[in-house]
Amino acid sequence: MNSVTESRSSARADPVRQLRRFHYGEPAAAEHTEMPPADVLPALLGAYRDAAAVRYDYPLYLAPVDAPPDAILATPLGEHLHASLDAFAPGDAARILRDNLPWLERRLRQALAGPDPADAPALFDEAASALLDHLELNDANRERLESDLAALRKAFAAGSRLLAYGEFAALHLLVHAVRHRDRRSRRRLEERIGEARRGLEALLDVEAAKAAPPGIDGAASQRLDPGRLKSMLETRARGSKALPRKRRERIGNALDVLRSWSGESVLARFVGSVGNAWFDDQDDLNVVDSEQPCADASEVFLRDAARFARLFAALRTAALEIDDDYSPAVHDSWFAGFDWQSFSEEELGCVTRTVALAPADHLAGDGLPSLSRLLGSRLPVHVVSWVRAYDNPSVRPGEGPFDGYRFELAYFGLGHRHVVVAQTSAARHTELLAGFACALAGNRTSLHLVNRGTQTRSRQPILDPWFVASAALESRAHPFLLIDPAAGDRAAERVRFDGNPQTDRDWPVETFAHEGLDGGIDTTLAFTFADYALLMPALHEHFRVVPADCDSGDLVAIAEYLERSDDSVGRLVPCVLGIGAQGELVRLAVSRALAFACRDRLNYWHALQELAGIHNFYVERAVERVLDDAQAAAGAERDALLESHAKELDDLRSEAAGEAMGRLVDVLMGSDLAAGPADVGGPSGPTEIAAKAAPTAADVAAGPADVGGPSGPDVGGPSGPTDVAAKAAPTAADVAAKAASAEDEVGFDDPWLDTAACTTCDDCMGINKMMFVYNEDRQAILKDPRAGPYADLVRAAEICPARCIHPGKPLDPDESGLEELIARAEPFN
């Protein structure tokens, strides 16, 4: 057997070894391992294989462009239908229409055959008619449904459109946003031109009246407006002095510009390749072919701006002349250099929008210098670029997408600090429109990096493009990012990051449940860049099938692999879980190049997280310092309180012990102390006092003669020996019983809680809320130590951070496990 045969035989015997060799890029291992099936999908996306059975955001209902400024421009069709129906038929009203609303939505969705916006009212009328024919209702129900459909029809306003998802959806939404904003601006501009023209004409009418002889008639008299002439004369009181020649020329020149302005019908010019005839057919759009979109777009804007500069200069001159505020010494030089940089924000918003269309690989390659110059120019030109999220836009011919670190155009744009940067997905219309609105409102240079889910270098993905674009966002391949420099200088003010799922995680984690022939599976899966790459047939070479019977601890999920340190992954083979067209699960090993690409994307994701204030190293360090300082201060305060309370407790114990000993002495000496002064200080003297003090139990038992001695009457007084015995000291048993009673009153073995030291941590409340309660200061007290077992007291003492719970001794001697519990309680008593 030769070495090649031995190698193949060994690989069959040890598939993990062969997969490991594939992972590390060995060509022979790649040849002798199985590529994934062509129809495989990431396991989490298996349910979306049939897009027709899944409802998603598109088609969109586009509001008329003359809608109010605060109108919502785009709404998912299903959402629009349900909201409109609820508006006129809340609850269970319009039941027939409500039950058939999904059918109506599906009909409208199917009617959108092309990628361009379609007339919404016309489509609704066709779908409503089809619904009536489909249901075949009786006359009463048909009449009721017709009435409800007529009410719903009002929600499809004249000029509204329906837009299906496709490769031009992002451009259509940009056009819609431009029309909605700029048509109003242009109307205001036309009104401003008309007012200025009439004002200048009135000035010239006054001049003509000054030069005209009395009784003028004919054409000149018809040209004069007596009312306007009277108003001009009264308000300005300029008398009969003629205007200087230069001023008349200035007014005449401005008026000529205003009169010659025929209006600008074009709202936007697209510089570059669009690839859709719809844009060429629109009267308010202009497509300019270009191989250098960024450089040519700059020139296009400057040409348009020069035309508008003459108009705006005439308007400003007119305003100054009408108010008689024009000063040649000040304004002549100002207007001599008047250009787009002198425009107000309102004036800039009236200039024809210039949009450069360029693929990402052009911007990251030969077009990079012109892109950088444009981004730093302050020209309000908008760059829209189509990004293949799985690819590296800076690769050269012959290079693979994972041969180097990915060039991130959004991060490049971020380096040009005053540029609006929007990295968005056409699948998320809300965030896409937010980026367009931010750029259009701010009159800044903007860079829009859009992933459509439709552009690949080879075969199309087998999943609907909307889901592919959504997967790019979910997998961190193309995360949402919006930078608005106008919002402030701090990143927290200018960065929007909320369009991403589970922003605090490395990868989104979803529940996955599957029932197959081999049983069911119910687990959680991370959706990583490797899962997204599986959607691209061109990248299937980076995957190999793991045999179904192969089970090894060296085969780990790619998310777990990426969490390991570099020195701990030597023998590991990262894997993803796929699902075939028939629902069969397949585990796929991932190449080392793709694993590196995952790590690279994760690195970029972490950079964006920090930019957005999520897991920011400096913030977390500052928070740790604050927490450490707070904990240290709280610990010092707690220690001081504990020391103070310990001293108070020691003093209390000493005082109680002294009282107990005093009471014990009183008990032991009670009989002699009750005898009176005569007995103590009698003729017998001090020696006899000591002899008579606190007789012992033996003395008491010896009888009156022994106790009283020869002086019996002195001891007993008139009562005699019997009284002496009655007043004798108690027995030893009596003394012990009284001492025990005194000790019980002090209660050193009872459970207690040092309320003043409580930090309101809630830990004891979680153990037994009947035993522990809060007082009015939200500090714990021991309400009822018998409300639970002794074990609850011990557990509470062990977890109390302030160590303010003292379990004492068990109150129930029959509780099980007391020996262990008493030992555990000892450190806290």
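This is a short talk about two surface patches and the cysteines in one structure.

Okay, hi everyone. Before anything else, keep in mind that this is a predicted model.

Let's begin on the surface, with charge. There's a patch of negative charge there, where Glu610, Glu620, Glu624, Asp628 and Asp629 gather. So where does that patch mostly come from? The largest share, 4 residues, is supplied by helix 26, which covers residues 617-668. If you want one residue to click on, try glutamate 624, which sits in helix 26. Its relative accessibility is 45%, so glutamate 624 counts as partly exposed.

Now for the nonpolar side of things. Val619, Val623 and Leu627 make a nonpolar surface patch of about 240 Å². Leucine 627 is in helix 26, and because its relative accessibility is 46%, leucine 627 counts as partly exposed.

Okay, on to the cysteines. How many disulfides does a search of the whole structure find? The count is 0. Take cysteine 764: why no bond there? Well, the closest cysteine sulfur belongs to cysteine 761, and at 5.9 Å from the sulfur of cysteine 764 that's too far for a bond. Then there's cysteine 804, also in no disulfide, where the nearest cysteine sulfur is that of cysteine 800, 3.6 Å away. The cut-off for a disulfide is sulfur atoms within 2.5 Å.

And are those two buried or exposed? Cysteine 764 has a relative accessibility of 9%, so it counts as buried. Cysteine 804 is buried too, with a relative accessible area of 3%.

That's it from me, thanks!

Methods. Residues are numbered from 1 along each chain as its sequence is written. This is a predicted model: local features need pLDDT of at least 70, side-chain atom pairs count only at pLDDT 80 or more; totals for chains, interfaces and linings use all residues. Side-chain values use heavy atoms; hydrogens and water are left out. Patches are made of residues with over 30% relative accessible area and no salt bridge: like charges are joined within 9 Å, nonpolar side chains (Val, Leu, Ile, Met, Phe, Trp, Tyr) within 5 Å. Accessible areas come from the Shrake-Rupley method with a 1.4 Å probe; for residues, only the protein chains shown count as cover. A salt bridge is a side-chain nitrogen of Lys or Arg within 4 Å of a carboxyl oxygen of Asp or Glu. Lys and Arg count as positive and Asp and Glu as negative; His and the chain ends are not counted. The place of a charge is taken as NZ of Lys, CZ of Arg, CG of Asp or CD of Glu. Helices (H or I, at least four residues) and strands (E, at least two) are DSSP runs, numbered from the N terminus. Buried means under 20% relative accessible area, exposed over 50%, partly exposed in between (1.4 Å probe, protein chains only).
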